[in-house]
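Have the model open in a viewer while you read. This is a quick walk through the fold, the core, the cysteines, the pocket and a few residues worth a click.

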Amino acid sequence: ESFSLVDVAEYLNIHPNYLSKVFKQQEGIPFTDYVCDCKMKEAKRMLQETNLKIYNIARKLHYYDTGYFIRIFKKYYGVSPNQFRQHMDDL
């Protein structure tokens, strides 16, 4: 399930700005960066462990623009998801 900083703040019954500040103090990175990191780790795992198509992995991670997902993945890992999958043994 996808969630946002506001969703988490509402669940915890605190102000989103306060959650953002405390989260960054504790984790050292903004909440949105943390969520993106988690999504990219999951994308990498799915590429390694499944035969799902790239657009299916993107959708499972709540990226509905596959091109955007590919750009973010490449920013994190230096290769596209297809390149990663093709050369997993080399990386």
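What follows is a short report on this predicted model.

**Overall layout**

Start with the fold. The protein has six helices and zero strands, so the pattern along the sequence reads simply α-α-α-α-α-α. Along the principal axes, the C-alpha atoms fill a box of roughly 45 × 25 × 20 Å. Of the 91 residues, 25% are buried. As for contacts with a separation of 6 or more, 43% of them join residues 24 or more positions apart.

**The core**

In soluble globular proteins, nonpolar side chains tend to be buried together. Here the largest nonpolar core has 15 residues, and those with the most contacts inside it are Met40, Ile57, Leu61, Tyr63, Phe69 and Phe73. Which elements give two or more residues to this core? They are helix H3 (31-49), helix H4 (54-60) and helix H5 (66-77). H3 supplies the largest share, five residues.

Phe73 is a good place to zoom in. Leaving out residues up to four places away in sequence, Phe73 touches Met40, Ala43, Lys44 and Leu47, along with Gly78, Val79, Ser80, Pro81 and Phe84.

Two of those partners deserve a visit of their own. Ser80 is found in the loop between H5 and helix H6 (81-86). Apart from neighbours within four places in sequence, Ser80 is in contact with Ile70, Phe73 and Lys74. With a relative accessibility of 15%, Ser80 counts as buried, because the cut-off is under 20%. Phe84 sits in helix H6 and is buried as well, with a relative accessible area of 5%. The C-alpha atoms of Phe84 and Lys44 are separated by 8.3 Å, although the two residues are 40 apart along the chain.

**The cysteines**

How many disulfides are there? The count comes to zero. A disulfide is a covalent bond between the sulfur atoms of two cysteines. For Cys36, the closest cysteine sulfur is in Cys38, 9.3 Å away, and that is too far for a bond because the cut-off is 2.5 Å. Seen from the other side, Cys38 is in no disulfide either, with the sulfur of Cys36 as its nearest cysteine sulfur at 9.3 Å. As for their surroundings, Cys36 is buried at 16% relative accessible area, whereas Cys38 counts as partly exposed at 37%.

**The pocket**

Next, the largest pocket. Its volume is about 210 Å³. The lining is made up of 14 residues, and Ser2, Phe3, Val35, Cys36 and Lys39 lie nearest the centre. H3 gives the most to this lining, with six residues. Sorted by class, the lining has eight nonpolar, four polar and two charged residues.

Take Phe3 from that list. Phe3 is found in the segment before H1, and at 44% relative accessibility it counts as partly exposed. Leaving aside neighbours within four places in sequence, Phe3 is in contact with Val8, Phe31 and Val35. For a sense of distance, try Phe3 and Asn82: they are 79 residues apart along the chain, and their C-alpha atoms are separated by 27 Å.

**Two backbone oddities**

Most residues other than glycine have a negative phi, and most peptide bonds are trans. Which way does phi go at Asn13, positive or negative? It is positive, at about 60°, although Asn13 is not a glycine. Asn13 lies in the loop between helix H1 (5-12) and helix H2 (16-27). His62 has a positive phi too, about 65°, and is not a glycine; look for His62 in the loop between H4 and H5. Asn13 is exposed, while His62 counts as partly exposed.

**Accessibility at a glance**

Here are some of the residues above, with their relative accessible areas.

| Residue | Relative accessible area | Class |
|---|---|---|
| Asn13 | 70% | exposed |
| Phe3 | 44% | partly exposed |
| Cys38 | 37% | partly exposed |
| His62 | 28% | partly exposed |
| Cys36 | 16% | buried |
| Ser80 | 15% | buried |
| Phe84 | 5% | buried |

One last thing to look at is H3. This helix provides the largest share of the core, five residues, and also gives the most to the lining of the largest pocket, six residues.

Note on methods
Residues are numbered from 1 along each chain as its sequence is written. This is a predicted model: local features need pLDDT of at least 70, side-chain atom pairs count only at pLDDT 80 or more; totals for chains, interfaces and linings use all residues. Side-chain values use heavy atoms; hydrogens and water are left out. A nonpolar core is a set of buried Ala, Val, Leu, Ile, Met, Phe, Trp, Tyr and Cys residues joined through side-chain atoms within 4.5 Å. Buried means under 20% relative accessible area, exposed over 50%, partly exposed in between (1.4 Å probe, protein chains only). Helices (H or I, at least four residues) and strands (E, at least two) are DSSP runs, numbered from the N terminus. Contact means heavy atoms within 4.5 Å. On a 1 Å grid over the protein atoms alone, a cavity is a set of points where a 1.4 Å probe fits but cannot get out, and a pocket is an open set with protein on both sides within 12 Å along at least five of seven lines; lining residues have an atom within 4 Å of a point. Grid points are joined across faces, edges and corners, and a volume is the space filled by probe spheres set on the points. Ala, Val, Leu, Ile, Met, Phe, Trp, Tyr, Cys and Pro count as nonpolar, Asp, Glu, Lys and Arg as charged, and the others, Gly among them, as polar.
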